[in-house]
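Work through the exercises below with the structure open. Try each task before reading its solution.

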Amino acid sequence: MAQTYRLARGGRIDRASPIAMRFNGTTIEGYAGDTIASALLANGIHFVARSFKYHRPRGIFSHGSEEPNGLFAVDRGGARIDPNTRATTTEAVNGLSLRSQNHWPSLALDVGAAVDVFSALFAAGFYYKTFMWPRSFWRQIYEPAIRAAAGLGRAPTAPDPDRYQHAHAHCDVLVVGAGPAGLAAALAASESDKRVILADEQAEMGGSLLHDMSSTIDGSSPWSWLEQTLARLHSRSNVQLLPRTTAFGYYNHNHLGLLQRVTDHLVNPHPSGPRERLWQVRAGEVVLATGAHERPLVFPGNDRPGIMLAESLRVFANRYGVLPGQRAVIATSGASAYTVAADLLAVGVQVTIVDVRRHQDCAVEAAALRGAGCEVLAGHTVLSSRGRKRVNALLIAPIEAAGPIGARRLLPCDCVGLSGGWTPAVHLFSQSRGKLTFDRKLDAFLPEASVRGESSAGAVRGSYQLSACLAQGWRAGAAAAGLTRERHFKASATRTGFEPVRLLPAANRQGHAFVDLQNDVTANDIGLAVREGFRSIEHVKRYTTAGMATDQGKTSNMNVIGLVAKTLGAAVPDIGTTTFRPPYTPVTFGALAGPSRGRLFEPVRTPPAHAWAVRHGAIFEDVGQWKRARAFPRANEDLQAAVTREVTAVRTSAGILDASTLGKIEVVGADAAEFLDRMYTNRLSRLAPGRCRYALLLKEDGYVFDDGVVARLTRDRFHVTTTTGGAARVLQHMEEYLQTEWPELAVYLTSVTEQYATIAVQGPKARQILAPLVEELDLATQAFPHMSVRTATICGLACRLFRVSFTGELGYEINVPADYGQALWDALIESGKALGITPYGTEAMHVLRAEKGFIIVGQETDGTVAPDDLGLAGLIGRGKADFVGLRSLARPDLVAPGRKQLVGLASEDARTVLEEGAQILADPSEPLPMRSHGHVTSSYWSPSCHQPIALALIADGRSRIGQRLHATTPAGVVAVQVRDPIFFDPTGARVHG
Amino acid sequence: MLLIPCPYCGPRPEIEFRCGGEAHIARPQDPAKVDDAAWGDYLFLRTNPKGVHAERWVHTHGCRRWFNALRDTLSDRILATHAVGERRPDPPR
Amino acid sequence: MHRFSLGTLIAGAVLGEHRAQPQWRSPPPKSAYAAVIVGGGGHGLGTAYYLAKEHGVRDVAVLEKGWIGGGNTGRNTTIIRSNYLQQESAAIYEHALRLWEGLARELNYNVMFSQRGVLMLAHNDHDVHSLKRHVYANRLNGIDNEWLTPQEAKAICPPLNIAPTVRYPVVGAALQRRGGVARHDAVAWGYARAADAMGVDIIENCEVLGFMRDPRGAVAGLETSRGPIRAARVGIVAAGHTSVVLARAGLKLPLESFPLQALVSEPVKPVFPSVVMSNTIHAYISQSDKGELVIGAGTDQYISYSQQGGLHIAAHTLAAICELFPQFSRLRMLRNWGGIVDVTPDRSPIIGLTPIPGLYVNCGWGTGGFKATPGSAHVFAHTIATGEPHSIAAPFAIDRFSTGRLIDEAAAAAVAH
């Protein structure tokens, strides 16, 4: 289509850069600098959308982020499809494809429009009152139908190919909004040496100056003043200008979220660059110059294509060089519309003004237009509109002095501007938790008391005079930067002032008078809600859905509040506003997620022998952030076969495990032993240097929190291990007690998890494998018994050598500096080759320890398990008066009979490997609900015992050893024998081997 | 996200810290002498006020030191922070 | 009560909305009631409803500081399920679920309970173990819950990414088919309308300032911002503000109030047929009747009554959502809000008597309150009416914090070795 509605001259578009886009398959033309909305209008396309509920034809209604109607699926190629994209804020780019939404089969012919015919049935809240009969219909018929009708666009189905970035910034002054007030604020603040950021949501900075053809500032035209001002700001090194950047959220302590659109306006963006950037700015001071939104007038049929906000007519004409129509009617209750009329007249549009106010209340602005060929019908109301897919007339009538409606008159037109006054955009201010106050004269909620570090300037404060905006902006910017410098701007007068009208006067109410266009909420809906008892504004909003559409009610909020007040006969401030929540405009999920995707979603931690494991075909499991080798299957081996081979190797020769993920904490100081006594259940002060002990850590509630080996290296130095997942929280737990309960203790805690690689060598041949590599240390049991620690030298490396076992076999854990972990691993493999050394993974480790009845914290425990429940009461140091958690062990429920206790289970059929998590029953024939006697915590096939083994927590378990119980399985139940949890080597002789 | 003035490091973003809950809940000197109800109260009972709250924070990803803060739980404003053992300042008006 | 039916709906459409009647009255408070409920959320309004309906106690007032349903009732992600691990929890949530299933007709108010199924994802062995434990435990209690392979889970929820190559692959899932979502506001309004019809006074903008006690120390009434109101039985159901209200009676409970965030996307056509939750990745998501993806985020780490959390919480949640559903990355967050949840040390509620005779409390629901609404209200009404805890509520008494008989739902989610 051709740009039949493009003016011959004017606008800020680049006529040298033509572009072409597709709209519902038809080519439309435009210029660089257009938005999708201005391009559509330039091509004479006014009917662009169907409404949410009634599927009514809709056109572009505004020129900015308040747009309720013009939402499209924008296709940027590939999987880059964005539903619900606002035409008024999306820059036109060559090659874009736009599709209208929410209709079937097409925009022009939409079956859903039938709803409009029966719309009286679908008044506010209708769905709460119906769809209940018959009951089964809800799920089968009603709900699917409601859902299919709801929603707007279609969500993409393919993964988003674009990247998003996060940026964090600190500044002294953040100015939000680059209209006159914001520009003045940035100018003032940047005269200091403070860091200033100026952010504006539009492609071009300037705000209202971008469509102002008639004002003057200090003798300059608005455009030339803007050019000079932006040049000055650009030249200052302490200023960062962020156009296309919406400040969407104002959070605690001056932390603001800003969304910068980086590439959507580019035809060929750099493929590796981010599409959008989320800025998180911590600002010393914030100046909010967020402007105001125009209010529509509410009358039946105020939603036809061709009807838009009055100021938007001016924007499309002046800024984009688009002729909004040939014959315009401007319906208004305020003065600013007269400036719109003047500007439209200047580009050759025939204009009639219908002013709701009486003659004497609009005489000044009416006089200014006298002789311009513009009819001004003061004291008139609009009764309805005509036209199907585009407005073609307004039905108007005079409002007689006594109140009744006079003779009707049809005003032919092809576009209509509505101006019901202005609503300051206090969203961010309100999010900052500043207090709002209602100004009766301005009919607006305005910023009153700021929280610290914030000030507002310009239209957001209800100051609509250009000179006042500039002056306030300057003052706010200067104050934010700590300057007292004054500056006076001389600007021409702005037409301001309006009379709030909630609903245009009419003799009777017929047809839909829309308050919220996107959600199809009418004035009647608001009245109905109030009459049904929904008096709070939040109730009205939720019952009618007014203000809950994707525009978040930017054009409707004040009209809704006003209508509620009017219906209740209350004052507006008594109704109050709904809460302003972030975001100001919708924010892409991907931008909020930022780089936290894929591998960076959560960083992957790998132990030193990870690369070796990858090379040797290991399969891995996630343990917290760690990737641990689960098993090393050989060709044609499944997991079970590999685990069986690995377990058997450990039992018969030796296995090697990368245990570096274990948490390691060094506890040092004169009071280290005393401190550990207070933290652990065990009495660790009696531990001799060179010895280790398996120890339990409880939380103050008495439940097992972590376990590990505490090794005493010297009198005042301990090396403590924790579980893999517990490393960070155990250190935190210890630090908390040390610093906040016992600061008098001389103890230092240092995490050395990352500093040491830990390689475990376990099995009867472990000593033989180790011996050739260790210098000057007698590995014989008499010299270096089980549960001992030595500092030694291995392969020339200083090491901490532990003789410990989590397998029940003779075993060592060798700690060397992490960077040498792989080298040590290689040396051990080499040394053990002839002896059958076998790398084993976490699965074999689990089986080996379960055969021995050793617990794993987090598997046998779940935060409700006390030491005695595990049969580990022996780890409580006898006679200890106190340690963390001791007192809780004496609470009634912890000493009551019937607690679940750790036992072993053997399937009676000697075949079934139980499922971990299976429940234990005494009588499988009991009717539902059945009593659970406990659950299976660990379960494996045991290669050493040649049978399935399981550990379970069972009520009074230890006294039930020998009994027959049942465990649930996917197929039903299986009989199990309760037994001692130690399945292999019950005397524990092998560790001493 | 809060901006928390660590007494040792200065103002830092909240994600560097961990909140340790209500402050000044003293661990009984001799827990064995405390009855079940009192011990339960020590473990679990919290003031949870709407207004000024004395609470503990630890600068986990910084100096790793614990400290105390006074924060208004309605406005989330931090009124003061101080080192463990230092006298608790009066909340500024 | 003016009953809703197809006939009344058509009549309203034809004859005009001016005939509409208030769904509940807005009476001034009387000077005395048989029982007063403090807190006009779903739990409080439901308690009043069941007091009137099941116990014949109709001289009841519900006092609400703001507007009814304005707290967590209207701020949650509307998920309903009963597949809890501990027997006591499963009992009360299942009690609620059964009431949910008939609630629309019971109240003659469509609360749009949509039994879309709740999928809980397992991402590692530990999750598998934990979720299977849930499945088995639930089935013993007659609660539906089943274990699914990743492929079966994807059949239930086609947008799910089950590729084994992602950072936390889906290795299985537990599905409760009877779980789902409901229209949260309608629950408050439906109970309000039905309770009002039986004579319950719903009094908004009425803040409790203090408690009156009789010479024996028992509760005798309340000082409120709308004057004194006498009542011998008072039930506190004030969710995040429970500590504040009880402080006025000199009582302290093991509660902490945290801001909990949630958010919705812009509305899109039906794309997400079930509820999906992942503990490991910290994400839960469903799609509302209106088409918005409803996403639960986490709590901030500090107590607060501000209903406003940090941006990093929502950002973290959306990272998890984009990880599970990379096709949703281009959708946009439309609204992000916070509620104040009152959390107990064992993440289970406190329901029952207090040390003050005549004063009852129902609180500590944390993030689980909405789904429990009818069940919680039902057993609490019993407790207030009889002065004795309902058998389902008995395990949730306050004394468990000194005996140690905690009902720890966080337990099975303990982090792996």
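**Exercise 1: a residue between two chains**

Thr588(A) sits in strand 29 of chain A, residues 587–588. Strands (E, at least two residues) and helices (H or I, at least four) are DSSP runs, numbered from the N terminus. This is a predicted model: local features need pLDDT of at least 70, side-chain atom pairs count only at pLDDT 80 or more, and totals for chains, interfaces and linings use all residues. Residues are numbered from 1 along each chain as its sequence is written, chains are lettered from A and ligands numbered from 1 in the order in which they are written, and side-chain values use heavy atoms, with hydrogens and water left out.

*Task.* Decide whether Thr588(A) is buried or exposed, then list what it touches.

*Solution.*
- Step 1. Set the cut-offs: buried means under 20% relative accessible area, exposed over 50%, partly exposed in between (1.4 Å probe, protein chains only).
- Step 2. Thr588(A) has 2% relative accessibility, so it counts as buried.
- Step 3. Look for contacts, meaning heavy atoms within 4.5 Å. Leave out residues up to four places away in sequence.
- Step 4. In chain A, Thr588(A) touches Tyr164(A), Leu259(A), Arg275(A) and Glu276(A). In chain C, Thr588(A) touches Ser329(C), Arg330(C), Leu331(C) and Arg332(C).

**Exercise 2: from a contact to a network**

*Task.* Arg275(A) is one of the residues that Thr588(A) touches. Find which residue forms a salt bridge with Arg275(A).

*Solution.*
- Step 1. Define the pair: a salt bridge is a side-chain nitrogen of Lys or Arg within 4 Å of a carboxyl oxygen of Asp or Glu. Side chains of opposite charge can pair when their charged atoms come close.
- Step 2. The partner is Asp82(A), with the closest N and O atoms 3.1 Å apart.
- Step 3. The two ends come from distant parts of the chain, 193 residues apart. Arg275(A) is in the loop between strand 12 (255–261) and strand 13 (276–288) of chain A, and Asp82(A) is in strand 6 (residues 81–86).
- Step 4. Arg275(A) is buried because its relative accessibility is 4%. Asp82(A) is buried too, at 1%.
- Step 5. Widen the view. A network of salt bridges links Arg76(A), Arg80(A), Asp82(A), Asp160(A), Asp162(A), Asp264(A), Arg275(A) and Arg330(C).

**Exercise 3: two residues of chain C**

*Task.* Place Ile295(C) and Ser265(C) in their strands, then find which residue of chain A each one touches.

*Solution.*
- Step 1. Ile295(C) lies in strand 16 (residues 293–299) of chain C. Ser265(C) belongs to strand 13 of chain C.
- Step 2. Ile295(C) has a relative accessible area of 0%, so it is buried. Ser265(C) is buried, also with 0%.
- Step 3. Skip neighbours within four places in sequence. Ile295(C) then contacts Phe589(A), and its contacts in chain C include Ala262(C), Tyr284(C) and Ile321(C).
- Step 4. Ser265(C) touches Phe589(A) as well, with Glu292(C), Leu293(C) and Arg332(C) among its other contacts.
- Step 5. The side chain of Ser265(C) reaches the backbone nitrogen of Leu293(C) at 2.9 Å.

**Exercise 4: the contact of chain C with chain B**

*Task.* Describe the contact between chain C and chain B: its residues, its area and its salt bridges.

*Solution.*
- Step 1. Chain C gives 25 residues and chain B gives 24 residues.
- Step 2. About 2000 Å² is buried between the two chains, 56% of it on carbon and sulfur atoms. Buried area is the accessible area (1.4 Å probe) that two parts lose on being put together, summed over both.
- Step 3. There are zero salt bridges between chain C and chain B.
- Step 4. On the side of chain C that touches chain B, helix 7 (242–247), strand 13 (256–265), helix 8 (311–324) and helix 10 (400–403) each supply at least two residues.

**Exercise 5: backbone exceptions**

*Task.* Find which peptide bond leads into Pro583(A), and what is listed for the phi of His55(A).

*Solution.*
- Step 1. The bond from Pro582(A) to Pro583(A) is cis, with omega near -5°. Pro583(A) is in the loop between helix 14 (572–575) and strand 29 of chain A.
- Step 2. His55(A) is not a glycine, yet has a positive phi of about 55°. With a relative accessible area of 9%, His55(A) is buried.

Methods:
A polar contact is a pair of N or O atoms within 3.5 Å; within protein, one must be able to donate a hydrogen and the other to accept it, and residues adjacent in sequence count only if both atoms are side-chain atoms.
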